[in-house]
Amino acid sequence: MTKTKECAEGTCLLVHQCRLPLSTWTVNHLAGLLRRHLKAIRSRWRALPHGRIAVIVLAVLRHDQRLADMAGGNNVSESTVRRWRDELIGLLAAQAPRLDRALKKVARQGG
């Protein structure tokens, strides 16, 4: 089986760009989470820089961009974007407070 980078006959590649109203802090926060995680698991490299991965994942989550569209526009595979999405969701979920602790805090504050 051979792989080519040429388009099939009658098809063309389209890249759709969207504008994300994101703060620099949001992108840097996600990139920092990813950077620390990769250092902890001793991962050597990624296909794209941490900040670019964070922006791709945010576009997938915020604008419901299709994984295949984001992958094609960034020269990575769809499964790679899916793995990045799942990885960053897991990292964010690990930072979230546990439900029982959050409910106790709300009860203490009179909620």
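**Chatting through a five-helix model**

Me: Quick one to start: does E87 count as buried or exposed?
Reply: E87 counts as buried, with a relative accessibility of 17%. The cut-off for buried is under 20%. Keep in mind that this is a predicted model.

Me: Okay, and what does E87 form a salt bridge with?
Reply: Its partner is R46, and the closest N and O atoms of the two are 2.8 Å apart. In general, side chains of opposite charge can pair when their charged atoms come close.

Me: Which parts of the chain does that pair tie together?
Reply: E87 sits in helix α4, while R46 is in the loop between α1 and α2, so the bridge links parts that are 41 residues apart in sequence.

Me: And R46, buried or exposed?
Reply: R46 counts as buried, at 17% relative accessibility.

Me: How many salt bridges are there?
Reply: The count comes to 5. One of them joins the side chains of E78 and R82, at 3.2 Å from N to O.

Me: Where do E78 and R82 lie?
Reply: Both are in helix α4, 4 residues apart, which is about one turn of the helix. E78 is partly exposed at 36% relative accessibility, and R82 is partly exposed too, at 33%.

Me: Got another? What distance goes with D69 and R66?
Reply: That salt bridge is 3.0 Å, N to O. D69 is partly exposed, with a relative accessible area of 40%, whereas R66 counts as exposed at 54%.

Me: Let's zoom out. How many helices and strands does the protein have?
Reply: There are 5 helices and 0 strands. Going along the sequence, you read α-α-α-α-α.

Me: What percentage of the residues count as buried?
Reply: 26% of the 111 residues do.

Me: What about the largest nonpolar core, which residues touch the most other members?
Reply: Those are I53, V81, W84 and L88, out of 21 residues in that core. The elements giving two or more residues to this core are α1 (24-40), α2 (50-63), α3 (67-73) and α4 (78-95).

Me: Which one gives the largest share?
Reply: That's α2, with 7 residues.

Me: Since we're on α2: is A59 buried or exposed?
Reply: A59, which is in helix α2, counts as buried at 3% relative accessibility.

Me: How far apart are A59 and M70?
Reply: In sequence they are 11 residues apart, and in space they are 8.3 Å apart, C-alpha to C-alpha.

Me: New topic: backbone angles. What's the phi of R42?
Reply: Phi of R42 is near 60°, a positive value in a residue that isn't glycine. Most residues other than glycine have a negative phi. R42 sits in the loop between α1 and α2, and at 74% relative accessibility R42 counts as exposed.

Me: And what's the phi of N75?
Reply: N75 has a positive phi of about 55°, and N75 isn't a glycine either. You'll find N75 in the loop between α3 and α4, where it counts as exposed at 71% relative accessibility.

Me: Last thing: which residues gather in a patch of positive charge?
Reply: The patch is on the surface and is formed by R101, K104, K105 and R108.

Me: Where does R108 lie, and is R108 buried or exposed?
Reply: R108 lies in helix α5, which covers residues 99-108. R108 is exposed, with a relative accessible area of 66%.

Notes:
Residues numbered from 1 in each chain as written. Predicted model: local features only at pLDDT ≥ 70, side-chain atom pairs only at ≥ 80, totals over all residues. Heavy atoms only, no water. Patch = residues over 30% accessible without salt bridge, like charges linked within 9 Å, V, L, I, M, F, W, Y side chains within 5 Å. Areas by Shrake-Rupley, 256 points an atom, 1.4 Å probe, with all protein chains shown as cover. Salt bridge = Lys/Arg side-chain N within 4 Å of Asp/Glu carboxyl O. Lys, Arg positive; Asp, Glu negative; His and termini not counted. Charge placed at Lys NZ, Arg CZ, Asp CG, Glu CD. Buried < 20%, exposed > 50% of the residue type's maximum accessible area, 1.4 Å probe, protein only. Core = buried A, V, L, I, M, F, W, Y, C linked by side-chain atoms within 4.5 Å.
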